[in-house]
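User: I am new to this structure and would like to go through it by question and answer. Please introduce each term as it arises.

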Amino acid sequence: MYDFRKLDMNDFVRLLATGLISYEDEKWSKYRRIINPAFNLEKIKIMLPLFFISCNDLVSKWEGMLSSDGSCELDVWPYLQKLASDVISRTAFGSSYEEGERIFELQKEQSALTMKSFMNVFIPGWRFLPTPTHRRMKKIYKDVNSSLTGIINKREQAIKAGEATKNDLLGILLESNHKEIREHGNDKGVGMSLEDVIEECKLFYFAGQETTSVLLVWTMVVLSRYPDWQARAREEVFQVFGNEKPDFDGLSRLKIVNMIFNEVLRLYPPITTLARNIPKGLKIGNITFPDGVQLTIPIAMVHHDRELWGDDADEFNPERFSEGISKATKGRFSYFPFGGGPRICIGQNYAMTEAKMAMSMILQKFSFELSPTYAHAPQVVITLHPQHGAHLILRKLQK
């Protein structure tokens, strides 16, 4: 048994999603093994054309909004959320992506309602009251589960009919699950049940939508404040791709863009805290923790600690990552925007590849700066959102 355990989810969070993120011990190991193939680099490479379609739709939409002088002012935040939702819908459900988008819109609403419910969680008995919010959350839960059940059952029938497995996240997950069952028998407890697959599909939303959209919005805000870094990133993108469509090998060579992303993730980690429970007493160094203690790891605070990062800890300085993460952290575990250890985020490579594709295509077409109406107010809504949006001025690049 691990010394540090995940905290028990409350009823509101369970309505949002459980899945791999909530499991422990053998169950976690088994499900991680089944899900891993959906997120390996070879599968992500196959999904790259779907990333491109969604990113191209975004760029085309912004181009259509430009005025006669080639500029426009807009809040990029909802567009980046829509982009990430569109990408995960296409890559998760393939031809059923329109149904996937409807599901993820419901999940987005569920996320907001979950945060709203947290405000009253300390009122005794509140979670049992049939408030309009609670009724709506249960209705969304039922609607999402019903829709996902329909999609999954259709896939299962297609697999049984001998159709080729589709290279989307759901198809790869089902194929991996069938393989697990074939190898270990059809006994109870082997493989994932329908309910388990449904919960993982809900988690796809957070693995693919929340992390990427948050990373992209803060990157655009930061690069608007630091035009020299925006210019360096654009120059690198043009050196690697010119005006051509970004490819997987080229994305992996974007050193400056990668440095910028690492620094943005340091300053604005999507998840700002991690919490763990110590079920059995534990001693670390000179500190003894009694049974049942809950520990909170403040990721955002660690990422801004001057003792760890230097006097410029609160400043945007991608150069600190010029020789990689290990040199930037001097070998200390002080940088973990995707968590760490065996439970590090399974969707990390997916999110970073999508973000590189999107940022490369935006830099190929536009320069951008902060609007006078922009108000800087990071706010935790499950992940770190811009409370008042991200109002920027886009300008079409002159060819």
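Analyst: Helices (H or I, at least four residues) and strands (E, at least two) are DSSP runs, numbered from the N terminus. The model is predicted, so local features need pLDDT of at least 70 and side-chain atom pairs count only at pLDDT 80 or more, while totals for chains, interfaces and linings use all residues. Residues are numbered from 1 along each chain as its sequence is written, and side-chain values use heavy atoms, with hydrogens and water left out.

User: How many helices and strands does the protein chain have?
Analyst: The protein chain has 399 residues, and 50% of them are buried (under 20% relative accessible area with a 1.4 Å probe, protein chains only; exposed is over 50%, partly exposed in between). Its secondary structure comes to 15 helices and 10 strands.

User: In which order do the 3 strands of the open sheet lie?
Analyst: Two strands pair if DSSP finds at least two bridges between them. The pairing in this sheet is antiparallel, and the edge strands, each paired on one side only, are S2 (71–75) and S7 (366–370). The order is S2-S10-S7.

User: Which residue of S10 is the bridge partner of glutamate 369?
Analyst: Strand S10 (residues 391–396) pairs with S7 in the antiparallel sense over 5 bridges. In S10, the partner of glutamate 369 is isoleucine 393.

User: At what angle to S7 does H15 run where it packs on the sheet?
Analyst: Axes are lines fitted to C-alpha atoms, for helices over the stretch in contact, and angles run from 0 to 180 degrees between N-to-C directions. Contact means heavy atoms within 4.5 Å. H15 touches S7 and S10, and its direction makes with that of S7 an angle of about 95°.

User: Is the packing of H4 and H15 oblique or roughly parallel?
Analyst: Helix H4 (residues 76–93) and helix H15 (residues 348–365) have axes 12 Å apart and an angle of about 125°. Angles under 35 degrees count as roughly parallel, over 145 as roughly antiparallel, 65 to 115 as roughly perpendicular and the rest as oblique. The angle therefore makes H4, relative to H15, oblique.

User: Which residues of H15 make the contact with H4?
Analyst: From H4, the contact involves Leu83, Ala84, Val87, Ile88 and Thr91. On the side of H15, the residues are Tyr350, Glu354 and Ala358.

User: Is the crossing of H6 and H7 left-handed or right-handed?
Analyst: H6 (residues 132–160) and H7 (residues 169–184) pack at about 60°, with their axes 11 Å apart, and are therefore oblique to each other. A crossing is left-handed if the near helix is turned anticlockwise from the far one by less than a right angle, and right-handed if clockwise. The crossing of H6 and H7 is right-handed.

User: Is isoleucine 140 buried or exposed?
Analyst: Isoleucine 140 is found in helix H6. Leaving aside neighbours within four places in sequence, isoleucine 140 is in contact with Leu106, Glu109, Gln110 and Leu113. With a relative accessible area of 0%, isoleucine 140 is buried.

User: Which residue in the turn of the S8 and S9 hairpin has a positive phi?
Analyst: Strand S8 (residues 378–381) and strand S9 (residues 383–386) pair in the antiparallel sense over 4 bridges. The hairpin has 1 residue between the strands. With a positive phi of about 70°, that residue is isoleucine 382.
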